[in-house]
Amino acid sequence: MTIMQQQEPAIPNSHSAECNAIKHEGFHVWRHAPDSTRADTVQKLIPKREEKHCLVLQVRNLKVEFTIEGRRLTAVSGTSFDVKAGRTTGLVGESGCGKSASAFAVMRLIPTPPGEITGGEILFKGRDLLKIPIEEMRLVRGKEIAMIFQEPMTALNPVYTIEHQMAEVYRLHCKYPMDEIRERSVKMLERVGIPEPQGRLKDYPHQLSGGQRQRVMIAMALSLSPCLLIADEPTTALDVTIQAQILELMCRLKEEGGMATVLITHDLGVVAETCDDVVVMYAGEILETASVYEIFKHPLHPYTKGLMDCIPRMGRTREGPLSTIEGMVPDLFNPPQGCRFADRCFKCQALCRQTEPELKTVVGSDKRQVACWFPLE
Amino acid sequence: MNDIILTASNLKKTFPIHGGIFYRKIARVNALNGVSFSLKRGRTLGVVGESGCGKSTLGKTLLRLYEPDSGGAVFEGRDVFSLKPDALLKLRQDMQMIFQDPYASLNPRMTVGSIIGEPLNIHRIGTREDRKKKVEAILAIVGMRKEALSRYPHEFSGGQRQRIGIARALALRPKLIIADEPVSALDVSIQSQIINLMIELQREFGITYIFIAHNLAVVEYVSDEVAVMYLGHIVEIAEKRALFNRPSHPYTLSLLSAIPVPEPDLKNSRERIILKGDVPSPIHPPSGCPFHPRCFKATEECRHAMPVLDDVAGDGALHKVACFNR
């Protein structure tokens with residue numbers, strides 16, 4: 001394998017103004033030499049550092065619905081967010097807020113039926129993933145967009161060796177000879193910090209610990225250096241000391257590769273440590289987007305503020321009861337008219353119950369958005 | 001408040017692993033390796049540690065849901081492990097448990113009323129009318145409406161189910177409640193409601209808690225004393241403030257630094273200890289100190305000898321640690 005540098009045309013059909021800037025830039029091209037006829041299927045674009053803020057993914061008005069027992073449930077109702085190269089975007093919210101559904105929709109992995117993507121656009125490097133045929137989507141999955149899941153034991157197949165499962169992604173996308181696949185697998189396992197990777201290849205998933213399984217999952221996801229990595233609660237099933245290892249690994253890999261990451265989590269601590277941008281979701285909608293510093297220092301939406309306040313913080317003395325968000329998440333079968341957070345909101349007024357606020361850019365800020373009639377000062 | 005309600009001394013519990021032909025015992029999992037502590041009335045002992053460290057086994061052994069291999073526990077002068085069945089039943093009136101998963105711990109075929117009333121039936125408390133009134137009163141205490149009584153668990157959200165679980169534990173007015181990860185299956189906004197409820201109940205009824213959790217921030221908030229467990233050993237036990245301000249065991253230190261802090265400004269300034277490797281298997285625990293293969297302070301001594309839990313401060317405050325290099 002050689003790594004060559006070469007002038008290549010930029011991402012096709014790029015609508016984004018920010019992306020136009022890099023059309024004239026060069027790309028690193030990984031090419032499986034010497035067979036140049038295979039090069040087209042093999043080449044892998046790795047964005048260079050300069051494109052850091054190029055939009056990799058734009059989700060526009062995404063709508064995901066599920067039909068359960070004849071009733072329609074809107075899991076994601078018209079969300080729009082951007083993911084930039086070289087940055088980690090956190091999708092934060094409680095269970096059922098639609099954060100996983102959004103991510104699965106990007107991969108077109110929503111189980112159909114009962115689920116269905118009923119509207120919107122998912123622009124990945126300018127191309128609408130919802131419009132391409134499923135065969136083409138299969139070429140995108142694993143190669144350009146990769147995903148890691150919450151529970152590494154259920155995501156790995158228990159009856160195949162690690163080697164078999166790691167080789168799958170190469171077999172599907174690259175058609176390398178066996179010995180090269182093994183060589184690359186060993187390198188990937190080394191990169192994610194698995195000791196004695198040669199020996200581990202012959203192991204089955206149950207022979208590895210939870211943390212090591214998650215490392216294998218990450219190695220598999222990063223095998224073909226995807227432009228976008230979607231991590232669905234990657235550390236929720238792990239212990240804190242192992243979580244710290246995995247988070248450190250993910251940060252390191254981000255620095256190395258310049259890929260964009262979507263991190264789905266409910267843990268605000270994990271968000272603070274790993275994310276650059278944060279998208280707060282509630283009952284299928286986006287309530288607030290901001291940079292991680294802004295959102296923790298100065299949350300604008302009452303829900304974001306409530307979330308921040310109700311987690312106990314280390315090293316603080318107990319002063320009265322923890323603050324809570326009273327009530328419950330609304331029933332998504334019959335979502336309320338108006339703002340979905342209105343029932344639990346301390347700033348709720350008549351307007352909130354009548355009309356739903358739109359996600360709007362905050363006046364006087366660069367990129368912050370909030371969906372609230374009465375945002376916090 | 002020097003009234004000791006529960007003392008555990010040198011608790012040991014192993015689980016056999018069967019296999020091979022004739023289903024022989026082929027190995028043992030050492031879940032508890034000599035755990036001792038005492039607990040004061042009306043206080044909360046937080047037990048933290050990673051999965052497999054024996055914290056849940058400790059809770060279940062104290063309730064005698066497991067029989068220990070050796071060691072003893074004394075609850076209000078009664079030796080828990082030598083009680084006859086009828087005396088044990090009596091004891092369980094005073095010791096109750098709240099479980100982690102509010103979906104798995106409530107019988108889906110029973111109404112909420114019969115779930116909460118079941119302990120009252122088992123212990124034959126009062127007449128039928130009395131019991132009904134009691135159940136209603138308890139439901140009000142945990143902040144639920146009377147209509148819930150005739151409904152089934154699946155009709156409720158996770159947070160409400162956990163309230164039902166708490167109500168069931170409260171029904172007998174126990175003196176000690178062992179809460180095994182009571183909030184880890186809940187969303188953060190619901191988690192704070194349940195924590196507040198538990199603290200309020202403690203204040204009102206003087207309940208003693210053993211609060212088992214892996215979330216250190218929650219444990220810090222809830223507990224008075226904290227025990228840190230690793231591979232079946234208590235490696236450090238101290239008053240909350242002492243433990244969080246002056247952690248003495250390298251494991252406690254790394255556990256504290258491993259927690260992601262929800263303050264992005266601290267991301268780069270904070271010193272972090274990232275432990276290498278995984279928790280060793282409790283089937284083949286390492287020799288000497290169980291933490292030595294991952295410890296950044298380990299010396300030759302740690303490989304051979306097991307440090308005992310010893311006082312750190314010497315000023316009378318509870319702070320014990322099992323480490324040679326503290």
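# Exercises on a two-chain model

Across the interface of chain B and chain A, two salt bridges are found. The model is predicted.

## Exercise 1: the interface

Describe the side of chain B that touches chain A.

Step 1. Start with one of the contacts that cross between the chains. Asp265(B) and Lys297(A) form a salt bridge through their side chains, with N and O 3.9 Å apart. The cut-off for a salt bridge is 4 Å, so this pair falls within it.

Step 2. Count the polar contacts. Between chain B and chain A there are 14 residue pairs in polar contact.

Step 3. Find the helices involved. At least two residues each come from H6 (188-205), H7 (216-222), H8 (240-245) and H9 (250-258) of chain B. H6(B) contributes the most, nine residues.

Step 4. Sort the residues by kind. On this side of chain B, 20 residues are nonpolar, 10 are polar and 12 are charged.

Step 5. Add the extent of the interface. In total, 42 residues of chain B contact 43 residues of chain A. The buried area between the two chains is about 3,800 Å², and carbon and sulfur atoms give 56% of that area.

## Exercise 2: the nonpolar cores

Which residues have the most contacts inside the largest nonpolar core?

Step 1. Take the core as a whole: it has 102 residues. Phe124(A), Ile145(A), Ile218(A), Leu228(A) and Ile230(A) have the most contacts inside it.

Step 2. Look for the element that supplies the largest share. That is helix H9 (residues 210-222) of chain A, with seven residues.

Step 3. Follow one residue outward. Beyond four places in sequence, the residues touched by Leu228(A) include Val56(A), Val83(A), Phe124(A), Ile145(A) and Val262(A).

Step 4. Note a separate core. This other core has 63 residues, including Phe156(B), Ile164(B), Ile190(B) and Ala242(B).

## Exercise 3: salt bridges within chain A

Where in chain A do Arg87(A) and Asp277(A) lie, and are they buried or exposed?

Step 1. Establish the link. Arg87(A) and Asp277(A) form a salt bridge, with their closest N and O atoms 2.9 Å apart.

Step 2. Locate the partners. Arg87(A) is in the loop between strands S5 (71-84) and S6 (88-92) of chain A, while Asp277(A) is in strand S12 (residues 277-282). The two are 190 residues apart, and the pair links distant parts of the chain.

Step 3. Check burial. Both Arg87(A) and Asp277(A) are buried.

Step 4. Turn to another pair. Glu144(A) and Lys125(A) form a salt bridge at 3.1 Å between the closest N and O atoms. Glu144(A) lies in the loop between H4 (134-140) and S9 (145-148), and Lys125(A) in the loop between S7 (115-124) and S8 (127-128), so the bridge ties together parts 19 residues apart in sequence.

Step 5. Apply the cut-off for burial, under 20% relative accessible area. Glu144(A) has 16% and therefore counts as buried. Lys125(A) has 12% and therefore counts as buried.

## Exercise 4: a residue in chain B

Is Thr44(B) buried or exposed, and which side chain does its own side chain meet in a polar contact?

Step 1. Place the residue. Thr44(B) lies in strand S3 (residues 44-48) of chain B.

Step 2. Read its accessibility. Thr44(B) has a relative accessible area of 0%, so it is buried.

Step 3. Identify the partner. The side chain of Thr44(B) makes a polar contact of 2.9 Å with the side chain of Gln202(B).

Step 4. List other contacts beyond four places in sequence. Among them are Tyr209(B), Phe211(B) and Val222(B).

Terms used: Residues are numbered from 1 along each chain as its sequence is written. Chains are lettered from A and ligands numbered from 1 in the order in which they are written. This is a predicted model: local features need pLDDT of at least 70, side-chain atom pairs count only at pLDDT 80 or more; totals for chains, interfaces and linings use all residues. Side-chain values use heavy atoms; hydrogens and water are left out. Contact means heavy atoms within 4.5 Å. Buried area is the accessible area (1.4 Å probe) that two parts lose on being put together, summed over both. A polar contact is a pair of N or O atoms within 3.5 Å; within protein, one must be able to donate a hydrogen and the other to accept it, and residues adjacent in sequence count only if both atoms are side-chain atoms. Helices (H or I, at least four residues) and strands (E, at least two) are DSSP runs, numbered from the N terminus. Ala, Val, Leu, Ile, Met, Phe, Trp, Tyr, Cys and Pro count as nonpolar, Asp, Glu, Lys and Arg as charged, and the others, Gly among them, as polar. A nonpolar core is a set of buried Ala, Val, Leu, Ile, Met, Phe, Trp, Tyr and Cys residues joined through side-chain atoms within 4.5 Å. Buried means under 20% relative accessible area, exposed over 50%, partly exposed in between (1.4 Å probe, protein chains only).
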